[in-house]
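Please open the model in a viewer and keep the sequence panel visible beside it. The tour below proceeds by selection, one stop after another.

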Amino acid sequence: MTIADENRLETPLTAPGEILQTGAADYPGLDAWRQLPLKQQPDWHGHPDFDDAYEELSSNPPLVFAGEVDKLKDRLASVAKGEAFLLQGGDCAETFDGVTADKISARVKTILQMAVVLTYGASLPVVKMGRMAGQYAKPRSSDMETRGDVTLPSFRGEIVNGFDFTEQSRIPDPKRMVTAYHKSASTLNLVRAFTEGGFADLRAVQQWNKGFMENPAHARYEQIAGEIDRAVRFMDACGVEFDGLKRTEFYAAHEALLLDYERALTRIDSRTGEPYVTSGHFVWVGERTRDLDGAHVDYLSRVRNPLGVKLGPNTSPETVLELIEKLDPAREPGRLTFITRMGAANIREKLPPLVEAVRDSGAEVVWVTDPMHGNTITAKNGYKTRRFDDVMDEVRGFFEVHRAAGTYPGGLHVEMTGDDVAECLGGSDVIDESAFDARYESLVDPRLNHKQSLEMAFLVAEALTQVK
């Protein structure tokens with residue numbers, strides 16, 4: 001089968017020996033969220049196509065399987081213990097047109113390159129997770145958008161409505177959920193083919209990194225790159241051949257924002273009789289929807305997937321402890337990840353009380369930094385952007401806080417792409433505002449491009465060598 005053939009697939013690859021109940025899960029409490037405050041949802045239940053779309057999703061095969069999800073939870077338990085590092089990366093919001101072999105391979109390739117550098121820096125395994133195969137919905141600050149004299153529903157991601165500012169495009173369409181399912185299936189098929197079929201061979205990945213180092217702007221990272229290269233050549237000279245050298249595990253993650261979609265794709269595991277969200281291996285609840293008495297937290301508390309929660313600068317220690325009690329009452333290692341999005345100006349002041357409260361409670365969670373969302377600004381020419389220096393300052397602050405608290409900085413969560421876009425300012429290979437008109441592609445938030453992502457990996461690798 002060619003890559004082009006794989007990209008046309010519309011059903012997920014099967015996982016031998018794992019069977020989940022067909023149809024949306026029938027399980028006590030799974031619909032309690034429908035009676036709770038529900039934020040950031042489109043008004044489409046009265047749409048004539050809603051019932052058919054929901055029924056089709058409910059009858060479709062799962063996109064991921066319970067055994068894969070459980071394996072990820074084990075890997076995250078290692079991160080919580082300080083025995084591994086988590087790398088989450090991908091688009092701010094996936095687009096349907098972006099589901100091509102070239103774009104998916106570029107994104108996976110960049111994550112693999114970053115992971116090689118981080119593995120060397122941490123001297124630990126890196127758990128690789130893409131913001132992909134499901135990251136189609138986005139929360140918005142307002143339900144409506146006004147341009148001039150025209151007011152229309154806000155763009156909520158292509159799983160809900162279109163980006164074009166027209167009445168027809170902005171009407172929420174539940175059939176888009178079905179399209180998102182098929183696009184996610186195609187993405188997962190291609191990712192699995194890449195990571196299991198030799199694309200992820202460590203020797204090939206290191207060759208890709210050499211191309212990055214040929215740019216004089218990145219000469220400062222030559223020492224680390226040279227050390228990695230010598231280690232890879234040493235293993236090759238010794239005739240080292242093992243699966244970990246030639247293939248890798250790669251997991252899919254997204255924000256569980258659209259509860260109609262998540263509910264339709266929840267299945268019962270035939271081994272345990274428990275519910276799993278099968279739209280992705282890992283799902284998180286965002287800063288705008290993590291209310292303790294809200295629908296999102298209630299629903300995710302009832303499924304068995306490992307979960308993430310975004311924490312902004314206004315989060316209190318009491319809220320963090322209550323989230324642990326709600327989402328991880330059994331204190332299960334690998335179950336709960338806190339993804340902090342404080343902003344470079346806040347990280348050193350706002351994060352310590354949260355980390356110390358969790359540490360003192362004895363709960364074992366994964367701490368991850370999202371240095372993107374707290375550092376968004378508007379450029380002079382009107383584009384949303386982020387400064388690379390601000391992003392890296394938040395990462396440094398994250399490591400400093402955990403070093404002072406005696407806790408483990410477990411991971412990195414970044415909005416990035418494998419393409420040569422111009423959306424974030426700075427980096428050694430400098431991007432400035434003049435490049436935005438020609439190379440700004442994101443429909444929502446700005447992403448690090450391929451070179452900026454690798455530069456981040458080298459800088460974080462330097463920080464990790466001080467942690468171990």
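**First stop: a salt bridge between D269 and R271**

Select D269 and R271, whose side chains meet in a salt bridge with 2.9 Å from N to O. The model in view is a predicted one. The two partners have unlike surroundings: D269 is buried, with a relative accessible area of 2%, whereas R271 is partly exposed at 45%.

Next, select D173 and K175. Their side chains also meet in a salt bridge, at 3.1 Å from N to O. K175 is partly exposed, its relative accessible area being 40%.

**Second stop: R107 and D91**

Now display R107 together with D91. These residues form a salt bridge in which the closest N and O atoms are 3.3 Å apart. The pair joins distant parts of the chain, 16 residues apart: R107 belongs to helix 4, while D91 sits in the loop between strand 1 (85-90) and helix 4. Is R107 buried or exposed? R107 counts as buried, with 5% relative accessibility, and D91 counts as buried as well, at 6%.

For a wider selection, choose R131, K138, K384, R386, E415 and D445, which are linked in a network of salt bridges. The structure as a whole has a count of 40 salt bridges.

**Third stop: the nonpolar cores**

Hide the charged side chains and turn to the nonpolar ones. The largest nonpolar core has 129 residues. To find the residues with the most contacts inside this core, select F85, I159, Y261, F338, W367, M456 and V460. Which helix gives the most to this core? Colour helix 4 (residues 101-122), which contributes eleven residues.

Another core lies apart from the largest one and has seven residues. Select A422, I431, A435 and F436, which are among them.

**Fourth stop: aromatic pairs**

Show the aromatic rings next. The structure holds 14 aromatic pairs. One of them can be seen by selecting W33 and Y299, an edge-to-face pair with 6.2 Å centre to centre and 80 degrees between the planes. This pair links distant parts of the chain, its members being 266 residues apart: W33 lies in the loop between helix 1 (3-7) and helix 2 (50-59), and Y299 lies in helix 11 (residues 295-301). W33 is buried, with a relative accessible area of 2%, and Y299 is buried too, at 0%.

Move on to F398 and F399, which form an edge-to-face pair at 5.9 Å centre to centre, with 90 degrees between the planes. F398 is buried, with a relative accessible area of 0%, and F399 counts as buried at 4% relative accessibility.

Finally for the rings, select W44, F50 and Y54, which ring pairs link into a cluster.

**Fifth stop: helix 8**

Select residues 222-237 to bring up helix 8. This helix has 16 residues and reaches 22 Å from its first C-alpha to its last, close to the 22 Å expected at 1.5 Å a residue. Which residues of helix 8 are buried? They are I224, A225, I228, D229 and V232. Look down the axis of helix 8: its buried residues fall within an arc of 135 degrees, so they line one face of the helix. Turn the view to the other side of helix 8, where E222, Q223, F234 and A237 are exposed.

Continue along the chain to G239, which follows helix 8 and has a positive phi, near 75 degrees.

**Last stop: strands 8 and 9**

Select strand 9 (residues 307-311). Five of its five residues are buried, so strand 9 is largely enclosed by the rest of the structure. Which way do its residues point? L307, V309 and L311 point one way from strand 9, and G308 and K310 point the other way. In a regular strand, side chains alternate between the two faces of the sheet. Here, the residues pointing in either direction are all buried.

Add strand 8 (residues 282-285) to the selection. Strands 8 and 9 run parallel, and three bridges join them. To end the tour, centre the view on V283, which stands opposite L307 in strand 9.

Notes: Residues are numbered from 1 along each chain as its sequence is written. This is a predicted model: local features need pLDDT of at least 70, side-chain atom pairs count only at pLDDT 80 or more; totals for chains, interfaces and linings use all residues. Side-chain values use heavy atoms; hydrogens and water are left out. Rings of Phe, Tyr and Trp (its six-membered ring) pair if their centres lie within 6.5 Å; planes under 30 degrees apart count as stacked, over 60 as edge-to-face and the rest as tilted. Helices (H or I, at least four residues) and strands (E, at least two) are DSSP runs, numbered from the N terminus. Buried means under 20% relative accessible area, exposed over 50%, partly exposed in between (1.4 Å probe, protein chains only). The expected span of a helix is 1.5 Å times one less than its number of residues. The arc is that of the directions from the helix axis to the C-beta atoms. A nonpolar core is a set of buried Ala, Val, Leu, Ile, Met, Phe, Trp, Tyr and Cys residues joined through side-chain atoms within 4.5 Å. A salt bridge is a side-chain nitrogen of Lys or Arg within 4 Å of a carboxyl oxygen of Asp or Glu. Two strands pair if DSSP finds at least two bridges between them.
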